[in-house]
Amino acid sequence: MNTLFEDRKVILGILGTSLISWNAFITLRNLLKKYTKPEAEWVPVGRIKSLHLYPIKSCKGKQVFQCRLTPLGPVFGEYLDRHFLVVNSDGKFYTARTKPQMVLIETVIENGIVKVSYPDKESAQFNIDDVRANKYLREGYLHVNLRTDGYDCGDAVAEFFSDVLEEPGTRLIMYDSGLFTERTCKTEENWWNNPVPKRIDDTAFADLAPYMITTQASLDDLNSKLDRDVSSINFRPNIVVDDCGAWDEDKWLDLRIGDAQMQCFKPCTRCILTTVSPEFGTKDKDMQPLKKLREFRLGPGKLRQEFGESPIFGVNAGLVKPGYIHVGQTVWAKYKPSAF
């Protein structure tokens with residue numbers, strides 16, 4: 001009889017404990033639902049309209065059908081994005097902001113031979129293997145005088161750029177892994193009103209991020225406000241996305257294209273380079289499209305203080321997972337809570 005009574009107590013104790021545990025579980029689950037944000041879903045947002053690489057910073061780009069996404073930027077065969085930089089004798093970089101004719105300098109790379117050409121000028125070329133073998137190191141100084149070193153590409157191409165830019169002593173340097181840089185990109189909280197992803201990215205000679213992405217719809221909206229249309233190339237993107245809404249890129253956080261994944265971490269602010277015609281290599285006398293963008297695309301809230309009079313067009317991104325992408329491919333995104 002005592003044994004039966006004891007068994008009943010044990011059973012009741014187990015039932016009571018189970019009931020308390022279940023109630024605790026329900027309470028915890030409800031709290032998690034209340035205070036934990038649900039993970040954003042992948043949503044198809046458009047398709048790739050075009051892909052672009054710019055072998056020499058500020059010079060003419062190359063449009064490709066497909067490319068491989070790497071941590072340093074897109075790669076197509078022997079073409080790597082912004083792996084060459086034009087500098088003066090002190091290492092300060094030249095840019096189409098002040099030398100607009102640079103956008104007409106074309107680069108062809110085949111079997112390790114880099115050939116550069118400019119309308120009505122004699123072309124020049126050099127061998128990449130020779131540049132690596134010579135290891136003639138030069139310092140390169142970019143925005144806010146931050147340094148990234150490179151290997152000098154030789155006298156022949158130096159004379160070419162000196163002639164085209166009308167700047168004696170001009171040199172071309174080539175990025176290589178392992179060389180000194182102080183331009184590692186670390187994200188900052190004031191780049192968005194939303195939480196900014198914490199990440200660290202390196203580039204060769206790109207301004208900030210390994211990737212810059214724009215959309216055709218945003219370009220169309222901008223052109224509807226201009227007297228003369230501009231092209232995506234005015235903004236020098238790596239990826240142009242079509243079939244999405246205008247300014248949809250403001251809300252993107254994560255992107256997935258095939259097996260590749262990227263993370264957007266900063267709106268792309270714009271400067272006078274957007275006024276340089278990719279076709280003629282001259283600046284627009286009316287300062288368009290920069291002037292129009294300043295009328296309706298300045299950053300809101302704290303972004304106005306951070307970016308000043310630099311308007312926003314496109315988004316900067318870094319790599320999460322490498323992979324091949326191609327024109328026509330579907331672009332998937334996870335959205336931020338709000339545009340900025």
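This passage walks through a four-stranded sheet, the helix lying across part of it, and the cysteines of a predicted model.

The sheet is a handy place to start. Its four strands run in the order β6-β12-β11-β10, the pairing is antiparallel, and the sheet is open. Being open, it has edges: β6, covering 84-87, and β10, covering 137-138, each find a partner on one side only.

At the β6 edge, the picture can be filled in a bit further. The partner here is β12, made up of residues 171-174, and the two strands are joined in the antiparallel sense by four bridges. Within this pairing, Val86 sits opposite Leu172 of β12. A helix comes into play at this part of the sheet too: α3, spanning residues 155-165, lies across both β6 and β12. The angle between α3 and β12 is about 125 degrees.

What about the cysteines? A disulfide is a covalent bond between the sulfur atoms of two cysteines. The model turns out to hold zero of them. Take Cys268: the closest cysteine sulfur belongs to Cys271 and is 8.7 Å away, so it is too far for a bond, given that a disulfide calls for sulfur atoms within 2.5 Å. Seen from the other side, the story repeats, with the sulfur of Cys268 being the closest one to that of Cys271, at 8.7 Å. As for their surroundings, Cys268 is buried, with a relative accessible area of 9%, while Cys271 is partly exposed, with a value of 27%.

Terms used
Residues are numbered from 1 along each chain as its sequence is written. This is a predicted model: local features need pLDDT of at least 70, side-chain atom pairs count only at pLDDT 80 or more; totals for chains, interfaces and linings use all residues. Side-chain values use heavy atoms; hydrogens and water are left out. Two strands pair if DSSP finds at least two bridges between them. Contact means heavy atoms within 4.5 Å. Axes are lines fitted to C-alpha atoms, for helices over the stretch in contact, and angles run from 0 to 180 degrees between N-to-C directions. Buried means under 20% relative accessible area, exposed over 50%, partly exposed in between (1.4 Å probe, protein chains only).
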